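Subject: Handing over the structure

Hello,

Here is the structure I promised to pass on to you. Please have it open while you read the notes below it.

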Amino acid sequence: MTFATGAIVANLYYAQPLEATLAEHFHASSGAVGAVLTVTQIAYAIGLATVVPLGDLRERRRLVVGLTCVAAAGLVLAAAAPALTVLGVAAAVVGVTSVAVQVLVPFAAQLARPGEQGRTVGTVMSGLLVGVLVARVVSGLVAEWLGWRAIFVLGAVLSAACAVTLWRTLPVLAPTVEMSYPRLLGSVFGLIRREPLLRLRMIYGAAGYAAFGVLWTSVGFLLAAPPFDLSDAEIGLFALFGVAGALAARFAGRLADRGHTHGATGVFLAIAAASFALIGLGAHSLLWLAVGIIVFDLATQGSHITNQNVVYALAPDARSRLNTAYMTSYFVGGAVGSGLSAAMYAAHGWAGVSIVGMIFPAVGFLVWVGESVARRRPGTALRSAAAASRA
């Protein structure tokens with residue numbers, strides 16, 4: 001499951017380093033190619049809202065394998081695309097079906113032995129984090145050696161292999177609920193209204209991924225410009241510093257299993273905010289930038305895994321719907337951060353990006369302080385929810 005989450009989520013990012021190559025091949029503008037890349041992300045967001053909740057309504061093994069098979073077919077279509085419009089259709093198919101990873105993660109939580117849910121989720125999520133970061137590097141290298149179509153063929157082969165392996169190895173578990181599909185989707189909003197801890201974790205997740213979007217949207221501009229003047233391949237390799245986040249995933253999972261989710265959240269958010277001081281120094285030093293990215297990714301991914309463990313414990317029979325609520329807010333935060341990052345870099349350079357990046361986790365930390373105060377008040381809904389979650 002760890003390998004599969006990485007291989008499947010990588011499908012969303014193979015095209016990102018190939019924007020210039022695709023524009024040249026299809027004789028299209030960078031804006032048109034950028035629109036195709038945006039289609040992938042929009043389709044993924046739609047899948048989060050409409051497909052992931054089915055994990056509570058349908059047998060999860062069949063759902064994951066079916067989605068992965070369709071994703072493989074979408075990648076084959078992308079590899080054979082004769083025109084940019086066809087590539088856009090393929091991108092939509094891949095985006096919607098790659099949400100299979102967001103069915104796999106709560107599936108892993110369901111399979112975890114008592115007392116090991118945090119470590120299990122952290123392990124599976126480490127594969128997802130590595131897949132996101134490594135996909136861009138692998139894509140650039142494969143495209144340079146074998147052409148841009150080859151990376152989509154590789155993605156299709158990996159997805160098909162994952163589908164076969166998951167079908168052979170995953171257990172068959174009965175769905176957790178029986179209701180109509182419209183009621184299923186409506187129940188997501190009911191969970192948000194009913195669970196104060198879910199709302200808080202949605203805020204923490206959105207704050208962390210917004211900062212992630214701020215950093216990774218503009219760091220390529222910084223590295224390509226003087227005084228660094230790095231090539232596309234070197235910039236792609238620089239992203240590997242973010243793999244440090246995979247180490248935090250397992251560590252955060254262990255903390256969750258030991259009942260330290262609340263304290264760990266505050267520490268992770270504070271470290272994420274402070275890391276932007278180092279990232280800001282990176283305007284003139286690759287060393288400081290690398291150290292800042294490592295610290296930031298450790299903190300942000302640690303917070304993310306902690307959030308997921310709290311969310312999944314709220315209602316074990318609704319883990320997929322809880323994941324839908326949490327990941328949708330997470331994704332929205334990332335989109336907001338990416339948009340602000342581009343604007344701040346154009347207007348105020350790397351200093352502006354660093355300040356905006358610091359603000360998001362700092363706001364999350366202030367909300368955490370408010371949660372800490374509320375927990376100390378006897379009889380509050382938040383205190384009761386926290387006690388129920390621990391139980």
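Below is what was found, going from the salt bridges to the cavities and then to the surface.

One thing to keep in mind throughout is that this is a predicted model.

**Salt bridges**

The count of salt bridges comes to five. A good place to start is Asp56, which has two of these contacts. With Arg60, Asp56 forms a salt bridge whose closest N and O atoms are 3.0 Å apart. With Arg321, the side chain of Asp56 meets in another salt bridge, at 2.9 Å from N to O. Asp56 sits in helix α4 (residues 54-57) and Arg321 in helix α16, so this pair ties together parts that are 265 residues apart in sequence. As for their surroundings, Arg60 and Asp56 are both buried, and Arg321 is buried too.

Helix α16 also holds a salt bridge within itself. The partners are Glu371 and Arg375, with 3.1 Å between N and O. These two residues are four apart in α16, which is about one turn of the helix. Glu371 has a relative accessible area of 2%, so Glu371 is buried. Arg375 comes to 18% relative accessibility and therefore also counts as buried, the cut-off for buried being under 20%. To return to the earlier group, shared partners join the salt bridges of Asp56, Arg60 and Arg321 into one network.

**Cavities**

How many cavities of 30 Å³ or more does a search of the whole structure find? There are three.

The largest cavity has a volume of about 120 Å³. Helices α3 (30-50), α5 (60-80) and α6 (84-97) each supply at least two residues of its lining. Among the residues that line the largest cavity are Val36, Leu37, Leu75, Leu87, Val94 and Phe152. Sorted by class, this lining has ten nonpolar residues, two polar ones and no charged ones. Asn11 and Thr40 are also part of the lining, if you would like to find them on screen.

The second largest cavity has a volume of about 60 Å³. At least two lining residues come from each of α11 (196-224), α14 (261-281), α15 (286-314) and α16 (319-375). Which helix gives the most to this lining? That is α15, with four residues. The lining of the second largest cavity includes Tyr204, Leu269, His304, Asn307, Tyr326 and Pro361. By class, six of its residues are nonpolar, six are polar and none is charged.

**At the surface**

Helix α15 comes up again here. Leu281, Leu287, Trp288 and Val291 make a nonpolar surface patch of about 380 Å², and α15 provides the largest share of that patch, with three residues. Trp288 is placed in α15. Because its relative accessibility is 41%, Trp288 counts as partly exposed.

**One more residue to look at**

Val137 is found in helix α8 (residues 117-146). Is Val137 buried or exposed? At 10% relative accessibility, Val137 counts as buried. To get a feel for distances in the model, compare Val137 with Phe189: they are 52 residues apart in sequence, and their C-alpha atoms are 38 Å apart in space.

If you have a few minutes, begin with Asp56 and its partners Arg60 and Arg321, then turn to α15, which contributes to the lining of the second largest cavity and to the nonpolar patch.

Best wishes

Note on methods:
Residues numbered from 1 in each chain as written. Predicted model: local features only at pLDDT ≥ 70, side-chain atom pairs only at ≥ 80, totals over all residues. Heavy atoms only, no water. Buried < 20%, exposed > 50% of the residue type's maximum accessible area, 1.4 Å probe, protein only. 1 Å grid on protein atoms, 1.4 Å probe; cavity = no way out; pocket = protein on both sides within 12 Å on 5 of 7 lines; lining within 4 Å. Points joined across faces, edges and corners; volume = space filled by probe spheres on them. Nonpolar A, V, L, I, M, F, W, Y, C, P; charged D, E, K, R; others polar. Patch = residues over 30% accessible without salt bridge, like charges linked within 9 Å, V, L, I, M, F, W, Y side chains within 5 Å. Areas by Shrake-Rupley, 256 points an atom, 1.4 Å probe, with all protein chains shown as cover. Salt bridge = Lys/Arg side-chain N within 4 Å of Asp/Glu carboxyl O.
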